[in-house]
Amino acid sequence: MANQDAQTRGPVGVIGLGNMGGGMVKALARKGYNVIAYDVSEPARKRASEGSDGVLVVDSLEQVLDRARTVVISLPRPEHVGAVLGENGLLKTSRPATLVIDASTNSPTLTIELGKKLAGQGHALVDAPVSGGARGAAEGTLSIMVGGSDDDIEAAMPILNALGTTVKAIGMSGTGQIAKLVNNVLTAANRVAAGEAFFVGSRAGVPVEDLVTVVNASSGGSRITEKNYPAFVLTGAFNSGMTMGLLEKDISLMLALAEQTGSSVPVLKAVVERWRTLREHHGYDADAMRSTQIADL
Ligand code: NAD
């Protein structure tokens, strides 16, 4: 059945064509949307332009902002989001009302500030961070946590439903990001704890493969041990599509939120500290499942 939203909305912009944005372009095109896409990196632009009907990859940010009234962004860090949406980006020139869907994992405080500035020029910002990895982005099966006004979320909903299978409206601007940071500090904690537990168990004489099987049939299992361990650790592939550096950004934002809210979080602090040590060892661009590899630390 034809996608009526795709026929009436006009081109959808996607900015940031990495592991996540590159897949989102394909998912949107498959659902019938005309996509206009941009990334600062030429290799990323080239990858996004391969094999997708309905996708126009352009070589400047302005071309996307001029032509698309709905724009999805998937950028690494808050400073990149600020560069695209702030005074040197969308806010630079007066443009018709634009609905921005921020699928990056971003600072809730920055989201609220940018949302107010954008609203001052007639635009709308919905925070819609995602979970589900590069595969979920390409398949359109992401889990999406959404913050924004009711009207803006309603306007974004067809696009969110094209990108994900679980779309949860949380509340006002920034609340999607808060939920995402909570999720990510838990996934990070899970990884470092599983890495240490399996390390000790295997040193004491039980192979990691056996330990993974046992905890997955018991109360110690988690999505990390059920899905990520077999796919990315036990195979030695370490190709989950998420980097140590990006997850460190997320858990650092969570720690900032703990400070902002006056919360005492000794365990989360220890997770962030341990993650930093592991990231220094494995490298910023190393796969985030490397956080389970602690043998020589
Ligand atoms: P990535 O590094 O693979 O891709 C980001 C892309 O943004 C890069 O291609 C980069 O060149 C581009 N970029 C940077 N600055 C830009 C700018 N000013 N204008 C245009 N393009 C710019 O990162 P990713 O893994 O795709 O993650 C994107 C966001 O999604 C991050 O905020 C991340 O935390 C979040 N996220 C990632 C995953 C995952 O599994 N990879 C899962 C959930 C959420």
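These legends describe close-up views of a predicted model.

**View 1. The ligand and its shell.**
The ligand is surrounded by 25 residues, and the closest are Met20, Asp39, Leu75, Gly241 and Lys249. Sorted by class, the shell around the ligand holds 11 nonpolar, 10 polar and 4 charged residues. Domain 1 (4–173) and domain 2 (178–292) both give residues to this shell, so the ligand lies between them.

**View 2. Polar contacts from the backbone to the ligand.**
A polar backbone atom of Met20 is 2.8 Å from an oxygen atom of the ligand. At Thr105, a backbone N or O atom lies 3.0 Å from an oxygen atom of the ligand. At Val40 the ligand atom is a nitrogen, 3.4 Å from a polar backbone atom of that residue. The ligand taken alone exposes 830 Å², and the protein buries 86% of that area. Three elements, helix 2 (19–30), helix 5 (78–85) and helix 12 (244–260), give two or more residues to the shell around the ligand. Helix 12 supplies the largest share of the shell, 3 residues.

**View 3. The aromatic pair Phe198 and Tyr229.**
The structure holds 1 aromatic pair. Phe198 and Tyr229 form this pair in an edge-to-face arrangement, with 4.9 Å from centre to centre and 80° between the planes. The planes count as edge-to-face because the angle of 80° is over the cut-off of 60 degrees. Phe198 belongs to helix 9 (residues 175–203) and Tyr229 to helix 11 (residues 223–233), so the pair ties together parts that are 31 residues apart in sequence. Phe198 and Tyr229 are both buried.

**View 4. Gly23 in helix 2 and Thr98 in a loop.**
Gly23 lies in helix 2, one of the elements that give two or more residues to the shell around the ligand. Gly23 has a relative accessible area of 7% and is therefore buried, the cut-off being under 20%. Thr98 sits in the loop between helix 5 and strand 5 (99–102). The relative accessible area of Thr98 is 2%, so this residue is buried. The side chain of Thr98 reaches the backbone oxygen of Pro96 at 3.0 Å. Along the chain, Gly23 and Thr98 are 75 residues apart, and their C-alpha atoms are separated by 22 Å.

**View 5. Backbone of Phe238.**
Phe238 is placed in the loop between helix 11 and helix 12. Its phi is near 45°, a positive value in a residue other than glycine. Most residues other than glycine have a negative phi. Is the residue buried or exposed? Phe238 counts as buried, because its relative accessibility is 13% and the cut-off for buried is under 20%. The loop that holds Phe238 joins helix 11 to helix 12; helix 11 carries Tyr229 of the aromatic pair, and helix 12 gives 3 residues to the shell around the ligand.

**View 6. Gln63 in helix 4.**
Gln63 is found in helix 4 (residues 61–67). With a relative accessible area of 28%, Gln63 is partly exposed, since this value falls between the cut-offs of 20% for buried and 50% for exposed. Gln63 and Ala37 are 26 residues apart along the chain, and 9.1 Å separates their C-alpha atoms.

**View 7. Pro129 between two strands.**
Pro129 lies in the loop between strand 6 (124–127) and strand 7 (130–131). Pro129 is buried, with a relative accessible area of 0%. From Pro129 to Gly245 the distance is 17 Å, C-alpha to C-alpha, and the two residues are 116 residues apart in sequence.

Methods: Residues numbered from 1 in each chain as written. Predicted model: local features only at pLDDT ≥ 70, side-chain atom pairs only at ≥ 80, totals over all residues. Heavy atoms only, no water. Near = heavy atom within 4 Å. Polar contact = N/O pair within 3.5 Å; in protein donor to acceptor, adjacent residues only side chain to side chain. Areas by Shrake-Rupley, 256 points an atom, 1.4 Å probe, with all protein chains shown as cover. Helix = DSSP H or I, 4+ residues; strand = E, 2+ residues; numbered from the N terminus. Nonpolar A, V, L, I, M, F, W, Y, C, P; charged D, E, K, R; others polar. Domains from an automatic or database assignment. Phe/Tyr/Trp six-rings, centres within 6.5 Å; stacked < 30°, edge-to-face > 60°. Buried < 20%, exposed > 50% of the residue type's maximum accessible area, 1.4 Å probe, protein only.
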